[in-house]
Amino acid sequence: MKSDLFASEHLAEAAMVPGMTLQNAKSVKYAVNGEMHARQGSMVAFRGNLQFEHKSQGLGGLLKRAVTGEGLALMAVRGQGEAWFAHEAQNCFIVEIEQGDSLTVNGRNVLCFDATLHYEIKTVKGAGMTGGGLFNSVFTGYGKLALMCEGTPIVIPVTPEAPVFVDTDAVVGWSAQLQTSLHRSQSFGSMMRGGSGEAVQLRLDGNGFVVVRPSEATPQKVAN
């Protein structure tokens, strides 16, 4: 049988070492030798001896998720084998987090990550009760984290001289050492006249970076 479908760039080669790699722009391959964590429902294929189990967030995480709709619905993948992860054909990116690093990520943008990474759902300081970024997941430790994004992300440097203002529905993540606060870019009079649709943003100050997607978030499906 002959077809461009069978070109080498489409074939899933056997992994040489454990861990995650990009299968292509839309999916991540993870060679499991022990345990890793992934977004519930994101596995699209696997081979080998693997078990998929619901992973609890703990009481605090469940309460925050119930209140905000944010959070991480995770599964633990254990055993030996290879698994492929994707979500709605979004673009995938791998971030390598080193000891001492700290990255804040919106839960909707997390695909999978090494079990050596620690995450905690935290309140975004200064954000109040407005916008989609009230609670985000903060990753620390060491290992790889696979993120996903609708479209091609924009990475914007943040410096003390040039703070960055982001729409909370578009932000993917940022350096956790940055300071956050709520910024109003629209006057009360403008809001009363119907507004611009861009009334409130998240302000980021300090040294680091912020990642945004080229569109605002679409409504999330409620997980059972």
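## The second largest pocket

A pocket is here an open set of grid points with protein on both sides within 12 Å along at least five of seven lines, and its lining residues are those with an atom within 4 Å of a point. In this predicted model, the lining of the second largest pocket consists of Thr-104, Lys-122, Thr-123, Val-124, Lys-125, Val-138, Trp-174, Ala-176, Leu-178, Gln-179 and Thr-180. The volume of this pocket comes to about 250 Å³.

Sorted by side-chain character, the lining of the second largest pocket comprises five nonpolar, four polar and two charged residues. Two strands, strand 8 (117-123) and strand 14 (179-184), each contribute at least two residues to this lining. Two of the lining residues, Lys-122 and Thr-180, return below, Lys-122 as a partner in a salt bridge and Thr-180 as a residue that stands opposite Leu-204.

## The sheet of strands 12, 15 and 14

Strand 14, which supplies part of the pocket lining, also belongs to an open sheet of three strands, arranged in the order 12-15-14 with antiparallel pairing. Strand 12 (164-166) and strand 14 are the edge strands of this sheet, each of them pairing on one side only. From one strand to the next, the twist averages 35°.

The pairing between strand 14 and strand 15 (residues 200-205) runs over six bridges in the antiparallel sense. Within the sheet, Thr-180 is placed opposite Leu-204 of strand 15, and Thr-180 is also one of the residues that line the second largest pocket.

## Salt bridges

Side chains of opposite charge can pair when their charged atoms come close. The structure contains six salt bridges, and one of them joins the side chains of Arg-78 and Glu-35, with an N to O distance of 3.2 Å. Because Arg-78 lies in strand 4 and Glu-35 in strand 2 (residues 27-39), this pair ties together parts that are 43 residues apart in sequence. Arg-78 is partly exposed, at a relative accessible area of 29%, and Glu-35 is likewise partly exposed, at 32%. Arg-78 and Glu-35 are further linked with Glu-53 in a network of salt bridges.

In another salt bridge, between Glu-120 and Lys-122, the closest N and O atoms are 4.0 Å apart, a value to be read against the criterion of within 4 Å that defines such a contact. Both partners are partly exposed, Glu-120 with a relative accessibility of 38% and Lys-122 with a relative accessible area of 37%. The salt bridge between Arg-203 and Asp-205 has its closest N and O atoms 2.8 Å apart. Here Arg-203 counts as partly exposed, at 28% relative accessibility, whereas Asp-205, with a relative accessible area of 19%, is buried, since the cut-off for that class is under 20%.

## Positive phi angles between strands 4 and 5

The loop between strand 4 (74-85) and strand 5 (91-97) holds Glu-88, and Ala-89 lies in this loop as well. Phi of Glu-88 is near 55°, which is a positive value in a residue other than glycine, and Ala-89, although not a glycine either, has a positive phi of about 55°.

As to accessibility, Glu-88 has a relative accessible area of 51% and is exposed, while Ala-89, at 51% relative accessibility, also counts as exposed. Both assignments rest on the cut-off of over 50% for an exposed residue.

Technical notes:
Residues numbered from 1 in each chain as written. Predicted model: local features only at pLDDT ≥ 70, side-chain atom pairs only at ≥ 80, totals over all residues. Heavy atoms only, no water. Helix = DSSP H or I, 4+ residues; strand = E, 2+ residues; numbered from the N terminus. Buried < 20%, exposed > 50% of the residue type's maximum accessible area, 1.4 Å probe, protein only. 1 Å grid on protein atoms, 1.4 Å probe; cavity = no way out; pocket = protein on both sides within 12 Å on 5 of 7 lines; lining within 4 Å. Points joined across faces, edges and corners; volume = space filled by probe spheres on them. Nonpolar A, V, L, I, M, F, W, Y, C, P; charged D, E, K, R; others polar. Pairing = 2+ DSSP bridges. Axes fitted to C-alpha atoms, helices over the stretch in contact; angles between N-to-C directions.
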